[in-house]
Amino acid sequence: MNTALAYFSVTGHSKKIGSAVSAALQIPSMDLKTDVIPAGLDCLFLVGGIYAGKSDPRLLQKLEALQSGQPGLVVLLTSSAAGSTRQEQVRELLASKGISVHPDEFTCRGSFLIFHLGHPNKTEIASAVAFARRVLAEVSA
Ligand SMILES: Cc1cc2nc3c(=O)[nH]c(=O)nc-3n(C[C@H](O)[C@H](O)[C@H](O)COP(=O)(O)O)c2cc1C
């Protein structure tokens, strides 16, 4: 199973979550500020945050370049100040391109200004790793 992880991080939390997950699963990691998602992936873990209620437009622009059905499956991991917001715009965009998105999405808090300082914390990072392990085992079976 050709699996990788990509993140788009404005303040560093997605990078932190993504680095832990890619290290634990021993999969390549890409920074979507600079890197391009390669063709031929069966599964892509995609880590991002929420800004003014939305995904960063630069992430959406990057995803616009994907071909139909590539990657075979995208799995979302999301941090936000609210803690439970999902990357709905990413989901909609990928669906419109014929790319499957796993129904489950990992969500946790990410600090913003003085709110929720320290998040994502060790426990949340460990939960993100556990989520990714579970989903990868499920889709590899
Ligand atoms: C400019 C800006 C706007 C944000 N707007 C929201 C928001 O509308 N709702 C929310 O729950 N979190 C919001 N946040 C918090 C981020 O979603 C959170 O910090 C997330 O962990 C950022 O991920 P990153 O560090 O990978 O960029 C905002 C953060 C920034 C910097």
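**Helix H1 and its surroundings in the predicted model**

Helix H1 gives way to glutamine 26, a residue with a positive phi, near 55 degrees. This is a useful landmark from which to explore the structure, which is a predicted model. The helix that ends just before this glutamine has 13 residues. From its first C-alpha to its last, H1 reaches 18 Å, close to the 18 Å expected at 1.5 Å a residue.

Several residues of H1 are buried, namely His13, Ser14, Ile17, Gly18, Ala20, Val21 and Ser22. An α-helix has 3.6 residues a turn, so residues three or four places apart point the same way. The packing partners of the buried H1 residues are strands E1 (3-8), E2 (29-31), E3 (43-49) and E4, together with helix H4 (122-140).

H1 also takes part in the surroundings of the ligand. A total of 19 residues surround the ligand, the closest being Ser9, His13, Ser14, Gly49 and Gly110. Helix H1 (13-25) and strand E4 (73-80) are the elements that give two or more residues to this shell. By residue type, the shell comprises 7 nonpolar and 12 polar residues, with no charged ones.

Stepping back to the whole protein, one finds 4 helices and 5 strands, arranged from the N terminus in the order β-α-β-β-α-β-α-β-α. The radius of gyration is 14 Å, which agrees with the value near 14 Å for a compact globule of 141 residues. The C-alpha atoms fill a box of roughly 40 × 30 × 25 Å along the principal axes, and 36% of the 141 residues count as buried. Among contacts between residues at least 6 apart in sequence, 76% join residues at least 24 apart.

Notes
Residues numbered from 1 in each chain as written. Predicted model: local features only at pLDDT ≥ 70, side-chain atom pairs only at ≥ 80, totals over all residues. Near = placed C-beta within 6 Å. Nonpolar A, V, L, I, M, F, W, Y, C, P; charged D, E, K, R; others polar. Rg over C-alpha atoms; globule rule 2.2 N^0.38 Å. Buried ≥ 20, exposed ≤ 12 C-beta atoms within 10 Å, placed from the backbone. Contact = placed C-beta atoms within 7 Å. Expected span 1.5 Å × (residues − 1).
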